[in-house]
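Student: I would like to take a close look at a single strand and at what lies on either side. Could you walk me through one slowly?

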Amino acid sequence: MSGRFVRASKYRHVFGKPTRKEFCYDNLRISHNAWDTNLIKANPEYLAVNWESSGGGAFAVIPLNERGKLPDQIPLFRGHTAAVLDTDWNPFNDRLIASASDDGKVFVWQVPENFTLYTDAEEPADVSPLSKLSGHTRKVGHVLFNPAAENILASSSGDLTVKFWDVETGQAPITLKHPDIVQSLSWSANGTMLVTTSRDKKLRVWDVRQQSVVHEYQGHEGAKNSRAVWLGEHNRIATTGFSKMSDRQVALWEPGRKDPIGGFTSLDSISGVCMPFWDDGSNCLYLAGKGDGNIRYFEYENDKLEFLAEYKSGDPQRGIAFVPRRGVNVQENEIMRAYKTVNDQYIEPISFTVPRRAETFQSDIYPPATGLKPAVSAQEWFDGKDGIPAKIDMESIYEGTAPREVPADYKPPTAVSSPIQPSVSKMESTPPSITRAPTSTVADQKASMSAIANKFQDNEDAEPSEGESSPFEEVSRPAARAAAPVSVRTSLPPASAGKTPSPTTYQTPVQKLASPVRTTAAAPAPAPAAAASPSAASVEASLSQITQLLEQQTRIIGAQSDKIQAQSQIISHLATEVETLKKRVGPGPQDQSERIRQLELELEAARS
């Protein structure tokens, strides 16, 4: 053996599947701003794209079902006086979105009902913001909603602060000050902790409501930007960045430990930033390179990031977004879907699928996903309360019904392949714990039948009740030709004055005709002569009928054996003739070849 073992994983064969150009989102004008952002954000209903526009900043919202080439003029979300740098969807309201801009403002927008890009108007009407959040003095580079509390929004700015807004009131009661510009930020699953990376190459973990740094570590040493993402409900953080030699790296951190688990892992020497995305359902980390077309994905297990595979494409991406797990296509075994920008002109969906041929819901690859119900309200969160949002059962999405909520700590039952239960089949219908006795003589069989008949002697004149039938009627009933003959096996204790158990009747295949009647115990002593009643004549008649059936089946089997032997001789003759003709003729005329082919077909037909 080679000594190599394959790690067991449900996601080991996940592969990325691109989309044909006609089903992409084409005719876009994606922003050319150089700020390090993902450019697009997605939820199960819409796609938000930073737009290249004049006269102030704007972004576009594209319904996911409107694919293909989009109109030249579409309604935009306008209101900023400078370029839009980042957007983020509310995790509990698919129509609510926040935007950050170079003008230092944070706007909150609501997508109109039945929103579409196709209108009859010559100039589509733009959408105005729902509320404006002012407080930063420099450009706002990132916005990120709290994953557990309702309407709590974090925003990072060039003024070296991160503010936490109550969207309903428009106030920011909490502000975290940094020594340098924040490059990325990510929430913990319960919305109490925040991890940030900044230009000073430090990784910081914050207790937001205490407004204090809990942990601070030296991050990636390279000069280029680094990113961080919290691994969902795990107490772990993944970071991407660069080494001093400008090699791309990934690292896994545990809060409270100053060094990454297993150190920094080098990926390659490409210059683009790695954008990390975490999927809490499959425990998979996706790394998309900015400026190249590759997407690597890893599975988190036993404090390791196990490499699964890599999606490779010749079309580089500047921006990418992943849809929440409740928006994947469960019928196609899709576990994640990404949207990447291509040439700043169109967006291509990429489906990550588990290759399975199944027509039922696959519960092992679809644990419950985070739903639309927050764990706490905004005021409760500011008061110190926290929790994990309720989850929805993915099977309800598969069935097309309303999402069914399950507790946040719900774990689906593990599908364990139980051993196959023994079932009574044609060839394996042998009752347990029955031992076959040696073949009895005809006299012993007659005596056994007479003893059985004694049980029914007293009730001879009584009418049988409905639903009851004598076992002798069952035996004497004529059997069809294709059915197996009746073979009676009885388990009888020695004859006594007590009860005599009723015989148990089983059917056995035709091949077992040698001993039609078997007993599992010694035959009881013959009954007294006084017990020889008219029932003995019935037993004799039954035995005679059984004997006739056996003789008939024996004759049929003998005739079939003769027929099979004759066919075997014909097959042998045909095979000999074909081989002789092949040797004699060789490559000959067409009619001879056809004759040989005809004989071969006859030979095959005879064999079948």
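**A close look at strand β30**

Tutor: Let us start with the pairing, keeping in mind that this is a predicted model. Strand β1, which covers residues 15-17, pairs with β30 in the antiparallel sense over three bridges, and within that pairing G16 has F352 of β30 as its bridge partner. Strand β30 also pairs with β29, which spans residues 334-342, again in the antiparallel sense and over eight bridges. In this second pairing, V342 stands opposite Y346 in β30. The strands β29 and β30 form a hairpin with three residues between them, and there N343 takes a positive phi near 60°.

Now consider how β30 itself, running over residues 346-353, is surrounded. The strand is mostly covered, since eight of its eight residues are buried, and here buried means under 20% relative accessible area. In a regular strand the side chains alternate between the two faces of the sheet. Both faces of β30 are covered: Y346, E348, I350 and F352 are buried on one side, while I347, P349, S351 and T353 are buried on the other. Two of the residues named in the pairings appear again in this list, for F352, the partner of G16, and Y346, which stands opposite V342, are both on the side that also holds E348 and I350.

To gather the picture, β30 is joined to β1 over three bridges and to β29 over eight bridges, and the residues on both of its faces are buried.

Notes:
Residues are numbered from 1 along each chain as its sequence is written. This is a predicted model: local features need pLDDT of at least 70, side-chain atom pairs count only at pLDDT 80 or more; totals for chains, interfaces and linings use all residues. Side-chain values use heavy atoms; hydrogens and water are left out. Buried means under 20% relative accessible area, exposed over 50%, partly exposed in between (1.4 Å probe, protein chains only). Helices (H or I, at least four residues) and strands (E, at least two) are DSSP runs, numbered from the N terminus. Two strands pair if DSSP finds at least two bridges between them.
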